[in-house]
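Trainee: Could we go through this model together? I would like to begin with the strands.

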Amino acid sequence: GGVEGYRASNPGREMTLGEPGEPLVVVGSPDLLALLLDKLVGNALDFARPGSAVEVEVHRYGRTGTLSVRNDGPPLPSSMDGHLFESMVSVRAGAGAGAGDAARGPHLGLGLYIVRLVAACHGGSAAAHDRPDGRGVIVTVTLPLSGGPGGG
């Protein structure tokens with residue numbers, strides 16, 4: 001249901017959702033997990049080319065679930081390798097033409113840092129990679145899944 005809210009609040013932006021066809025249950029805080037999704041999608045929208053789609057995909061790999069958000073935009077700066085998920089990291093495209101920070105593109109700020117913290121407190125992790133086709137970035141959060149009814 002989360003993606004519907006982003007579609008409503010970002011009219012004109014195409015958002016696709018790929019689901020595994022089964023509910024994936026993560027034990028943790030619904031509010032924190034909603035915040036994690038909010039930061040992932042917000043980051044993808046900030047860096048996406050205008051008018052391009054943002055794709056959200058959920059997959060199961062055994063006892064692990066992944067949430068991937070991919071956009072169509074600039075690749076990750078090589079200088080940021082290993083630092084994207086730290087506090088207040090700034091990623092800007094080019095020097096721009098003045099007029100303050102806004103002219104130089106979006107700022108990661110605390111977004112991916114929060115993603116990493118929420119993933120970690122749920123026993124998971126987060127990673128960012130350039131798309132194989134070179135047309136953007138994929139940020140993936142990996143979380144352990146609950147064993148389901150009666151399991152552990």
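Mentor: We shall take a strand pair, then a helix pair, then one residue. This is a predicted model, where local features need pLDDT of at least 70, side-chain atom pairs count only at pLDDT 80 or more, and totals for chains, interfaces and linings use all residues. Residues are numbered from 1 along each chain as its sequence is written, and side-chain values use heavy atoms, leaving out hydrogens and water.

Trainee: In which sense do β4 and β5 pair?

Mentor: Antiparallel: β4 (residues 125-130) and β5 (residues 137-144) share 6 bridges. Pairing requires at least two bridges found by DSSP; strands (E, at least two residues) and helices (H or I, at least four) are DSSP runs, numbered from the N terminus.

Trainee: What stands opposite H129, and where is the positive phi?

Mentor: I138 in β5 faces H129. The two strands form a hairpin with 6 residues between them, and G134 in the turn has a positive phi of about 75°.

Trainee: Now the helices. Which residues of α2 meet α3?

Mentor: L32, L33, L35, L36, K39, L40 and N43 of α2 meet α3 residues including I114, V115 and V118, contact meaning heavy atoms within 4.5 Å.

Trainee: Changing topic, is P144 buried or exposed?

Mentor: P144 is partly exposed, at 34% relative accessible area; buried means under 20%, exposed over 50%, and partly exposed in between, with a 1.4 Å probe and protein chains only. P144 lies in β5.

Trainee: What does P144 touch?

Mentor: Not counting residues up to four places away in sequence, P144 touches V26, R63, H122, G123 and G124. The C-alpha atoms of P144 and V25 are separated by 8.8 Å, with the two residues 119 apart along the chain.
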